[in-house]
Amino acid sequence: MEYFSLSNQVRIPKLGLGTSHSGGYSHEAAVYALKTCGYELIDTAKRYGNEGLLSKAIAESQRNREDLFLTSKLWPSDYGKSTTKSALLGSLKRLSVDYLDLYLLHWPLVPGWCSNPKQLLEETWRELELLYDEGLCRAVGVSNYTEDDLIEMMNYASIVPHVNQSEFHVLNRSPSLLQFCQDNDIQFEGYCPLGKGTFIKIPAVNEIAQQYGKTPAQILLRWSIQSGVVTIPKSTNCQRLRENIDVLDFSLADRHMAVLDAMHVGRCLKNREGMQEKLDNDLPDGYKLGL
Ligand SMILES: NC(=O)c1ccc[n+]([C@@H]2O[C@H](COP(=O)([O-])OP(=O)(O)OC[C@H]3O[C@@H](n4cnc5c(N)ncnc54)[C@H](OP(=O)(O)O)[C@@H]3O)[C@@H](O)[C@H]2O)c1
């Protein structure tokens with residue numbers, strides 16, 4: 001595995017395993033990823049409803065806790081002074097571990113009952129800073145934060161977030177957000193690197209793949225890593241899990257990076273308004289798992 005270094009010197013794997021509830025969960029695939037392929041980083045969230053399932057996969061893989069990089073996320077309905085710590089303890093319990101490697105605020109959104117969003121987000125970040133000081137997470141960060149959200153946060157944060165996890169793929173490489181993060185020593189972690197599996201059909205990606213003797217997915221993932229971004233593709237299929245991690249043994253030439261960079265059209269696969277609606281509808285965690 002290869003690593004980027006966070007601003008607090010914690011090492012984060014350049015590639016990890018996405019586990020969103022969208023598309024379901026496979027115990028066999030999760031064990032295979034950990035035991036056979038050597039994935040270290042697992043990206044989960046209370047929202048995905050699979051922390052308990054992942055705990056079983058980790059146990060079956062017999063991987064040592066300290067060789068893994070476990071990320072979970074705080075869902076906005078748990079934001080607040082009195083609820084943040086118990087939500088983290090809940091994640092730790094379900095994952096059967098006593099610390100996380102990275103804990104993220106899942107969205108810069110607040111539930112409908114909240115009359116002072118700025119205050120709630122500020123208080124919640126303060127709680128994360130305290131949990132970091134307590135050693136319950138080795139790094140803290142945010143997810144889906146825009147440049148404006150991060151600038152607002154800089155007014156009150158004692159700890160600049162170590163990570164911002166946000167959408168990052170060839171059709172949306174968020175150039176100014178990425179630059180802002182790099183300028184402020186915030187590691188960019190990119191989700192939906194394969195455009196939920198649909199971008200492997202893009203002709204130009206296929207052409208580059210042929211030149212390297214790699215698959216289109218491997219080109220997309222390699223491009224993320226070479227852009228300085230941690231990438232967390234999800235798969236429930238053992239063969240594709242192997243394919244996705246085998247991207248550390250080659251490099252894309254500058255001219256191919258430029259072709260992929262030029263595909264940016266700012267397409268968003270996730271949007272804030274849709275997420276606010278889901279939050280307000282109070283859907284249960286893991287509602288897409290189909291268990
Ligand atoms: N912080 C946030 O708000 C947020 C939002 C979205 C996602 N995320 C995180 O980022 C992770 C990745 O994003 P994502 O799951 O939405 O999208 P993604 O990783 O871009 O795509 C996953 C889809 O691609 C397919 N796939 C995987 N490898 C493939 C390959 N080599 N060839 C062809 N198809 C392949 C998978 O199907 P199979 O399972 O059939 O292989 C799955 O349907 C999530 O799982 C989650 O952990 C975070």
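Start your tour by selecting strand β8, residues 163-167: it is mostly covered, with five of its five residues buried. Keep in mind as you go that you are looking at a predicted model.

**Stop 1: the neighbours of β8**

Leave β8 on screen and add strand β7, residues 140-143. The two strands run parallel and are joined by three bridges. Try picking out two facing pairs: Gly141 stands opposite Val163 in β8, and Val142 stands opposite Asn164. To get from strand to strand, follow helix α5, residues 147-154; β7, α5 and β8 together make a right-handed β-α-β unit.

Now add strand β9, residues 187-191. Here five bridges make the connection to β8, again with the strands running parallel. Asn164 has Phe188 as its bridge partner in β9. Show helix α6, residues 175-183, as well, and you have another right-handed β-α-β unit, made of β8, α6 and β9.

**Stop 2: the two faces of β7**

Show the side chains of β7. Which residues point which way from this strand? Val140 and Val142 point one way, Gly141 and Ser143 point the other way, and all of them are buried. Next, bring in strand β6, residues 102-105, which runs parallel to β7 and is joined to it by three bridges. Tyr103 is a good residue to click on, with Val140 as its bridge partner in β7. The chain travels from β6 to β7 through helix α4, residues 117-133, in a right-handed β-α-β crossover.

**Stop 3: the whole sheet**

Time to zoom out. Select the eight strands of the open sheet and walk along them in the order β3-β4-β5-β6-β7-β8-β9-β10, with parallel pairing. Why do β3 (16-18) and β10 (230-231) each have one side without a neighbour in the sheet? They stand at the edges and each has a single partner strand, so one side is left free of a sheet neighbour.

Stay at the β3 edge and select strand β4, residues 41-43. Three bridges join β3 to β4, and the strands run parallel. Look for Leu17, whose bridge partner in β4 is Ile42.

**Stop 4: the nonpolar core**

Which residues touch the most other members of the largest nonpolar core? Out of its 69 residues, they are Ala33, Leu41, Leu54, Leu102, Tyr103, Cys137 and Leu220. Helix α8, residues 216-226, supplies the largest share of this core, six residues. For a closer look, centre the view on Leu41. Leaving out residues up to four places away in sequence, Leu41 touches Ile12, Pro13, Gly16, Leu17, Phe69, Thr71 and Ile232.

**Stop 5: around the ligand**

Now select the ligand and what surrounds it. There are 28 residues around the ligand, and Gly18, Ser20, Tyr191, Gly197 and Lys234 come nearest. The shell is made up of eight nonpolar, 14 polar and six charged residues. Highlight helix α9, residues 238-245, which gives the largest share of the shell, three residues.

**Stop 6: two backbone surprises**

Most residues other than glycine have a negative phi. Select Gln9, in the loop between β1 (3-5) and β2 (11-13). Gln9 is not a glycine, yet its phi is positive, near 75°. Is Gln9 buried or exposed? It is exposed, with 7 other C-beta atoms within 10 Å.

Finish at Gln62, in the loop between α2 (51-61) and β5 (69-74). Gln62 has a positive phi of about 60° without being a glycine. Gln62 counts as exposed, with 9 C-beta neighbours inside 10 Å.

Conventions. Residues numbered from 1 in each chain as written. Predicted model: local features only at pLDDT ≥ 70, side-chain atom pairs only at ≥ 80, totals over all residues. Near = placed C-beta within 6 Å. Helix = DSSP H or I, 4+ residues; strand = E, 2+ residues; numbered from the N terminus. Nonpolar A, V, L, I, M, F, W, Y, C, P; charged D, E, K, R; others polar. Core = buried A, V, L, I, M, F, W, Y, C linked by C-beta atoms within 7 Å. Buried ≥ 20, exposed ≤ 12 C-beta atoms within 10 Å, placed from the backbone. Contact = placed C-beta atoms within 7 Å. Pairing = 2+ DSSP bridges. Right-handed = clockwise from strand over helix to strand, strands pointing away.
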